[in-house]
Each structure stands twice: as structure tokens, then as C-alpha cells.
Protein chains: 2
Amino acid sequence: MQLSQRALDIQASPIRKLMPHAIAARKRGLKIYHLNIGQPDIPTPQQMIDAYHGFSDKVLAYGPSQGLDVYRSGLVKYYANCGITLQDHEIIVTTAGSEAITFAMMVVCGVGDEILVPEPFYTNYNGFATMAGIVLKPVTTYAETGFQLPPDDQIEARIGPRTKAIMICNPGNPTGTVYSRDEIFRLAAIAQKHGLFIISDEVYREFVYEGRTHTSILEVPGLEEQAIMVDSVSKRYSACGARIGCIVSHNKALMDATLKFAQARLCPPTVDQLAANACVDLGAEFFEPLIGEYQARRDLVYDALMQIPGAVCVKPQGAFYIIVKLPVQDCEHFVTWLLDEFSIDGETVMGAPAEGFYATPGLGRDEMRLAYVLNEDELRKAMRIFAKGFEAYKQLHP
Amino acid sequence: MQLSQRALDIQASPIRKLMPHAIAARKRGLKIYHLNIGQPDIPTPQQMIDAYHGFSDKVLAYGPSQGLDVYRSGLVKYYANCGITLQDHEIIVTTAGSEAITFAMMVVCGVGDEILVPEPFYTNYNGFATMAGIVLKPVTTYAETGFQLPPDDQIEARIGPRTKAIMICNPGNPTGTVYSRDEIFRLAAIAQKHGLFIISDEVYREFVYEGRTHTSILEVPGLEEQAIMVDSVSKRYSACGARIGCIVSHNKALMDATLKFAQARLCPPTVDQLAANACVDLGAEFFEPLIGEYQARRDLVYDALMQIPGAVCVKPQGAFYIIVKLPVQDCEHFVTWLLDEFSIDGETVMGAPAEGFYATPGLGRDEMRLAYVLNEDELRKAMRIFAKGFEAYKQLHP
């Protein structure tokens, strides 16, 4: 029996595909520091846990396809606190950011249409595009220049007759790059010139360092019909298992069409929406210490990487990832080797090979993404193992 | 800004698209009996609610893409109790049946490929197919003959070079038809003859009446590589808001590919899986009274419909829906009229126009789906309003 072409084409997640090696290592008794996946160790806010405990409906019923009214109103408040003015009907709650991305891609692209995306990008854009029959056209950015956007002409050169949108992740996963207000307006101008949508993945909105401010695509005047924002509570509230996100746009026709996608799958999970809603009032008192914590972790990882001979990386400005280019042939082989053959005092470390974060074949093979989602003690141990592991690996594969 | 063709093409849910009329009616003070949506009034089992209350992890973390180990083991037990022998790795937990259907369609069909499906069918198959660029080829069945399958030659006449699968819903939503063991084996023989997959949506497995037994597609010997089963806890445990389902197959390559789809969206909701897992041991002591309850409701609705002059329907054998063919031009107009212009003592009733349950243009316009998901008292009142409403509507639109 022959499977479909998209089933054969879709990439295995570079974040998760080496998990069998990690499981085998664990079975051998090893402790693994997981820097491969953006699963924070930060406790989920107690009010969110309390919301699960407080669920008292007799029937765990379907909610509206667009999300629970109470939660959409809560989100309007949350966004108002971020300086983004919205109305309830401009928000559709989704099953995590993943579904929001899928809906955004599908509502603007038919089969064979193209989305421009700066690479490296969040690897699962690849999977969603393959499933939906959409082509990602990469605009390559480089570790050496902090993954900043290239000049306009290099971006515009990638736009063709089937290009429907530019997609960005800001703050960037996996790059840690935060686009300045000027950069966002520059992209918006390109979108306006060429009649493109901009899909902006802003799930790391709060995680910007050294007092930077985040610019949402929804803040650009005149871009109302073209701007689509996708979001998620996973990282914001350390609630990756809740699977609650949303898609937001001022474009009414686009939201009407998205609602039809949403109706097909009936609704996002009910109790998890109530749990997410318990967090919408969390403000600076919650985020400031958290941002301080991540900034300290970032510094620790960055400093550790800078000690590795030949490693190239730029200090991330946001999110909680860093891409490091290493003087090795193939980071996937290095990551696998760390799990299969290396350990110090019964411990090893796992990163995510970066090749799957690129659309251009061959790029990123010598790069790895590390997520600084462990506390400083654990991170310090993890980075020590990483450095020693790299040294040993280089002796074996000079 | 132009939206994608699939955004323009996708149908609005016939179950949900008239909700604005219902909301307006409620605002005018009306009570509405909702027979439009399969949202049971049966209380969710207490052990499921308790599982939400008992969640005690510090971090609400990602689970595995294939589902929590504990829940997959629980499902193996559940299926064993249904007479279906499975191993953990033959199950991938999904975000409700919706995602399981999407994965099943995408893993067997590329863009432009076809799936044969007896119509009327679960309306959202339309939406998922449109999103994925898949063509549904209907095999029409009729109210007059209880929506039974046509002879082999009529089914085989619809199979073309791009047909990849036959998709069934058994017990059937919206038809209430339960395929006999012979029917399932007949379909399996067609699939084997033509090298097709069979996707079997079995979310209503337990809801079969008059002591019927349900035959799973997984029970057909020799069909292991071709059989795909999709499932959901929504109806089984009256937990539509939990959004937990699964996709099951013995075909290893197919499950490996499906896991890559699953990895792209990371994981299904964590706490909801734990809640679903609390129900896997529920057996006859839970289902038997429930089935008795639904059977009584079915009889009530069927008998009420039989009193309506010109109504055509066959007593459902399973699930909790009935399709009725009415002597009206357009059931969508009738449903809308019931919401906008009719009421008795401040109450009205809502059904789902059946046209959206067909792929063949024009079919089903004079049919309506009713879900018997209310208790007998409420159903009796709802059916009285329905009958009176029909009488009044016919006088206005003879």
C-alpha cells in the first residue's frame, strides 16, 4: 500500500526525531539535559492549575468554534495590556500555536502557493507547509550577522507570482533575533508594495532582553487587511501541555474564512481555555523576574559557547533559543553521538540539529539549536558536558 | 487581499452556521432545544472530572507526540475490552477525532487524490478534504432504504485511478446506520480488490441498539495493512470539550508517517489525556444504561417524526442521529424560520440542514439531521414544537 507523497515528504521533527536515542540513553541509566526542546522548567502559574481544579461543569461540552466567549474577552484584555487594541471577533482561539499557523497558512495559500520565510525558521513551519501543499521560499540569514534580515532587494528577489505571504517569528525561534520597529515597518512596506500578507508568530512576545520592546505586526498602521498574528500560551505561562493558542487579524473576510476552518474541527479544548483565561491578567510582576531569569540563562549559555574553539553565534535578543555554528561536519551526528556514546558522571546533553530549521538543502548541517529552558545550575552542568563532549568528538572527528 | 481558493471553497458547518440565528433568538428571550449538534446532555463521568481536579504537576509540559504512555496503555486495555487486540505503538493520540480524520486523509491522499465515501456523511469530512486538497467521491445512499450501502458494482463504478481510500462512519453520523459484519467484509473485499485503504470512523462504537454488535474495521483478517481506524472520547464519555481522539492502524509505515504529522503539532493536550485515561475501564455497567437511554430517545424522536405527514425516515440502528426527509423545498430555510419566526410558549427547536452532509450538489436539501441528545422530557417538548412548527411552515410554504 502506497502512502501519499506528503506522508513521504514530511520531515521528522529535528527537535523530536532523536528521542529514541535519548530514551535508549535513559534506559542505560543516563541523565539527559534536554536543550533540544523549548520545554521550560518554570512552574506553571498556580492560578492556571487552580482552574483545572475548579472545573465544575456537569457536562464537559463543546465550546464555540471561535473559542469560549469568556476567554476571548480575556485575550482582549491581555492584548490591551500589550498595547494592542482588539475586539473579540478579531480573535479565534486555536488548539495551540500549531493550529493557528496551519489556519494562517491555509487561509492565504492554495496548493502550490508560496510563503517567504527568513531561514532558519521554526522547523514545524516545514511540516505544516508540506501537509497543506504550500511551498516555503527561504530568505537565508546568517549566524555571523545575528540572523538579521537582508536588504529589501534580496527579500524582493524571492517574491514570485505565487507568493502570498511573508512569515516571520518575532522574537525568533530558533534564532533569538528580535526585529526592531524599523525592521517590522520595512517588512510591512514590502508586503504593501507586493500585495502580500504578513503572518507574524509572536509567541515569545514577552521574552525580550536588555529592555528591548517588541513590535507586533498588528501595530503597523495601514496594514490591517494584511497582518495576521499567531500566538500561544505555551511558553508565556509555561503551559506547553495546555495546547491553547489563537489567530488574530483585523481582516474580516479572513477571519470569516478562518472560522469555517475552525468549525470543521468543532472547538479547541474547553478546560484548557479556562485555565489559560486564569492567566490573562498576569503582568510585569510575573514577567519581569521571568525575563531576568531567562536573560541570566542566555548569558550563561552564550558565554559557555564562546569558550568553544571555532563556535560562531550571536547573543540572542529574545525568545529562549540560541543557534550555534560548530566546526563539525554534521550536527545531527554530533547530537546522536552525545546520546549514544558520551557521558560524564552518568550525564549527557541533547540539542536539536539545525538542518531541519532550514528550507535550503544543505544549510544548517553544522549548526545546532539549544533551548535555555533549564535553571542556571542545570544549564551550567549541561554546558560543561557540551563543551567536554565537543572536545572529545573533535578528537574522534577532526 | 485575495484569500486562498480553499478558504473560499470550504463550506460553513451546517451544524453551526445557523448559530447566529439561535443566538439572536436567545437574545429575544427564547429557549432553544438544540437538536442540531451532537452535544449529549449525559453527565461526564465523575472520574474524568476528578482527573482534572487531581492534576498536580508543577509544570504543564509537552507530552510525547504520539500521546502519553499511560494513556496509550489505557487505550490498549479499552480496545481489548472491545475485542480489538492492539499494541501501544499502533495508536497515536490525537486532538479529538477531527485531527485523527485529518491525519488519516493526509497520510493516504496527496493533493487531488480521491476518497470514496457513502453520502450523506459526517459533514466535516468535507471541510477536512477541502483544507487538504482531497476530493470526496460520494456513493449516494437513501433515506428510503435506511442509508444502506448499494451493491458492489455501484461502489466500484466510483473507483478511479486517483482513488486511495474508502471512508466510512460506523455507526453512522448522520444516518444512524450500523454496517453488519457482512457489509464490513464486503467493503474490505472491495478495498483488497482495488488496493485501497479503508478509513473507519468508529466514534459511536458503543451506541448500537436492539442488541446489535459493532464490527470494527480492525477485525477483518488480512486487511491489516489497509485498515485505519479513527476514534474519539467525545461521545463515548460525553466529553466533547476534552478534544481527545486517536488514529489506529497495524500498518507500521503508515503509523511512522502519521507520527511525523503528529510531531509537527508537538502533542495533544496533556491534562485532557489524563482525564480520558480515567475512563478507559468503564464497561457495561456504564454503557448499558446509557444505550438504553439513547434507545428510548431514538424511539421517541422516530415515533414523533412518523406522525408528520410526508416525512420519510428509517429507525436508526446506532449513533444518536436521525435523518428525516421532509416535504419542504429547503430545510435550511425551514430551520432558519424556526429560529427567526416561530416559537411556542417562548420555546423553539433547532436542527441541522442536511445538504452539507452530501457531496453531490443539490442532494439533501429536503433533509434535516436531528441529534437525540436531550432527555426524554426535553425531547418530547422539542418534537412537539418541531411538529407544530412544520405544520405552520407548510401552511406558509405549501
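**Notes on the two-chain model**

1. Let's start with helix 10 of chain B (residues 270-277): eight of its eight residues are buried, so the helix is largely enclosed by the rest of the structure. Buried here means 20 or more other C-beta atoms, placed from the backbone, within 10 Å of the residue's own; helices are DSSP runs of H or I of at least four residues, strands are E runs of at least two, and both are numbered from the N terminus. The buried set includes B:Thr270, B:Asp272, B:Leu274 and B:Asn277. As for partners, these residues pack against helix 3 and helix 10 of chain A, and within chain B against helix 3 (46-53), helix 4 (69-81), strand 2 (91-95) and strand 8 (244-249).

2. A word on the ground rules. This is a predicted model, where local features need pLDDT of at least 70 and side-chain atom pairs count only at pLDDT 80 or more, while totals for chains, interfaces and linings use all residues. Residues are numbered from 1 along each chain as its sequence is written, and chains are lettered from A and ligands numbered from 1 in the order in which they are written.

3. Now the chain pair. 66 residues of chain A are in contact with 66 residues of chain B (contact: C-beta atoms, placed from the backbone, within 7 Å). On the chain A side, helix 9 gives the most, with seven residues. By class, that side has 35 nonpolar, 21 polar and ten charged residues, with Pro counted as nonpolar and Gly as polar.

4. Symmetry next: a turn of 180° and a shift of 0.0 Å along the axis lay chain A on chain B with an RMSD of 0.0 Å, superposed by least squares on C-alpha atoms of residues with pLDDT of at least 70 in both. That is the relation of a two-fold axis. In chain A, A:His53 has the C-alpha nearest the axis, 1.9 Å from it. The same surface serves both copies, as 100% of the contact residues of chain A recur in chain B.

5. Inside chain A, the assignment (automatic or from a database) gives domain 1 (5-43 + 284-396) and domain 2 (58-277). Their C-alpha centres lie 25 Å apart, and the contact takes 39 residues from domain 1 and 32 residues from domain 2.

6. Finally, the largest nonpolar core has 272 residues, with A:Met105 and B:Met105 among those with the most contacts inside it. Such a core is a set of buried Ala, Val, Leu, Ile, Met, Phe, Trp, Tyr and Cys residues joined through C-beta atoms within 7 Å. Beyond its neighbours within four places in sequence, A:Met105 is in contact with A:Ile115, A:Phe128, A:Ala129, A:Ala132 and A:Ile134.

Note on methods: A residue is buried if 20 or more other C-beta atoms lie within 10 Å of its own, exposed if 12 or fewer, and partly exposed in between; C-beta atoms are placed from the backbone. Two residues are in contact if their C-beta atoms, placed from the backbone, lie within 7 Å.
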